[in-house]
Amino acid sequence: MIKKTVANVREACEGIADGMTFMLGGFGLCGIPENIISELVRRNIQDITCISNNAGVDDFGLGLLLKKHQIKKMISSYVGENAEFERQMLSGEMEVELIPQGTLAQRCEAARSGIPAFFTPAGYGTEVAEGKETRDFKGKMHVMEKAFEADFSFIKAWKGDEAGNLIFKGTARNFNPVMCGAGKITVAEVEELVPAGELDPNQIHIPGIFVQRIFQGEKYEKRIEQLTVRKRN
C-alpha cells in the first residue's frame with residue numbers, strides 16, 4: 001500500500017508557486033479547504049487562477065485571498081455573497097469567467113476522466129458561447145467546452161485514510177468529488193485521518209487513486225454563509 005499522508009498543511013502545499021491554477025472544492029463556505037486556503041494566504045502566493053464555484057464571503061475562505069489581491073482570475077458560477085469579489089470584478093482589478101454551474105462541474109469531471117472536451121446545450125446563444133465551437137445534436141444546438149487544466153486540486157473531506165480514500169459528509173460533498181484527480185496534484189485535507197483498512201469500502205466516495213497527498217486539518221470553523229433564523233414571538 002502506498003501511504004499518501006503528509007505531516008501538515010505546509011508539507012501538503014510544497015511545490016505551489018505564483019501564477020498557478022488551483023481548483024478549490026466547496027460551495028460557499030460548505031466543504032472548503034480552510035487550512036489550505038490559510039496556507040496560501042500565509043505564503044502570499046500571487047497571480048493565482050482559482051477554479052471554484054464561488055468565493056464565499058469577504059472575511060473567510062477565498063475572501064481572504066481576494067482581500068490580499070492574490071487572485072488574478074476567478075473561474076466561477078456566481079459572485080455569491082462576496083462584496084469584494086463583486087467590486088474587483090466590476091472595477092477590472094480581477095479577471096472573472098462566469099460559467100453555468102453544471103458546466104463548471106462537468107469541466108472538472110472531464111479533466112478527471114481524461115476527456116479533453118464535451119458538448120453541452122447550456123449557454124448556447126449567450127456570451128458563454130462566444131468564440132466556441134457549436135454543433136447541432138438532434139435539432140438542438142450545443143456548445144463545446146474544454147476540460148480544465150489545473151496545477152493543484154485542493155479538497156476538503158470529512159474522513160480519509162492513509163491511502164487517500166475519502167468520505168464526504170452531507171452537502172460538503174458538493175464540488176469536492178469532481179475535483180479529485182482533476183488537477184495534476186490532488187491534496188486532500190480531512191477532519192479525521194485513520195489507518196488504511198478502517199474505512200468501510202462501501203462508504204468510500206473517492207478512492208485513493210485520485211489523491212496524491214492527504215493530511216489532517218486543524219481548527220475548522222464551519223461558518224454559516226447566510227444565517228436565517230425565525231424571529232422570537
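Here's a quick briefing on one strand and its partners, one buried threonine, and two residues with unusual backbone angles. Keep in mind that this is a predicted model. Strand β1 covers residues 21-24, and β1 pairs with β2 as well as with β8. Thr-186 in strand β10 is buried, while Asp-47 and Lys-219 each have a positive phi.

**Strand β1 and its partners**

- Strand β1 is covered on both faces.
- Thr-21 and Met-23 sit on one side of β1, Phe-22 and Leu-24 sit on the other, and all of them are buried.
- On the β2 side, β1 runs parallel to residues 48-51, and the two strands are joined by 3 bridges.
- If you want a residue pair to look at there, go to Met-23, whose bridge partner in β2 is Ile-51.
- Helix α2, residues 34-43, belongs with these two strands: β1, α2 and β2 together form a β-α-β unit, and it's right-handed.
- Strand β8, residues 150-161, also pairs with β1 in the parallel sense, again over 3 bridges.
- For that pairing, look at Phe-22, which has Phe-152 of β8 opposite it.

**Thr-186, tucked into β10**

- You'll find Thr-186 in strand β10, which spans residues 183-194.
- How buried is Thr-186? Its relative accessible area is 0%, and the cut-off for buried is under 20%, so Thr-186 counts as buried.
- The Thr-186 side chain reaches the backbone oxygen of Phe-210 at 3.4 Å.
- Setting aside neighbours within four places in sequence, the contacts of Thr-186 include Phe-210, Val-211, Gln-212 and Arg-213.
- Also among the contacts of Thr-186 are Met-179, Cys-180 and Gly-181, plus Ser-153 and Ile-155.

**Two residues with positive phi**

- As background, most residues other than glycine have a negative phi.
- Asp-47 isn't a glycine, yet it has a positive phi of about 55°.
- Where is Asp-47 found? It's in the loop between α2 and β2.
- Asp-47 has a relative accessibility of 43%, so it counts as partly exposed.
- Lys-219 isn't a glycine either, and its phi is positive too, at about 50°.
- Lys-219 has its place in the segment after β11, the strand at 213-216.
- Is Lys-219 buried or exposed? With a relative accessibility of 78%, where exposed means over 50%, Lys-219 counts as exposed.

How values were computed: Residues numbered from 1 in each chain as written. Predicted model: local features only at pLDDT ≥ 70, side-chain atom pairs only at ≥ 80, totals over all residues. Heavy atoms only, no water. Buried < 20%, exposed > 50% of the residue type's maximum accessible area, 1.4 Å probe, protein only. Helix = DSSP H or I, 4+ residues; strand = E, 2+ residues; numbered from the N terminus. Pairing = 2+ DSSP bridges. Right-handed = clockwise from strand over helix to strand, strands pointing away. Polar contact = N/O pair within 3.5 Å; in protein donor to acceptor, adjacent residues only side chain to side chain. Contact = heavy atoms within 4.5 Å.
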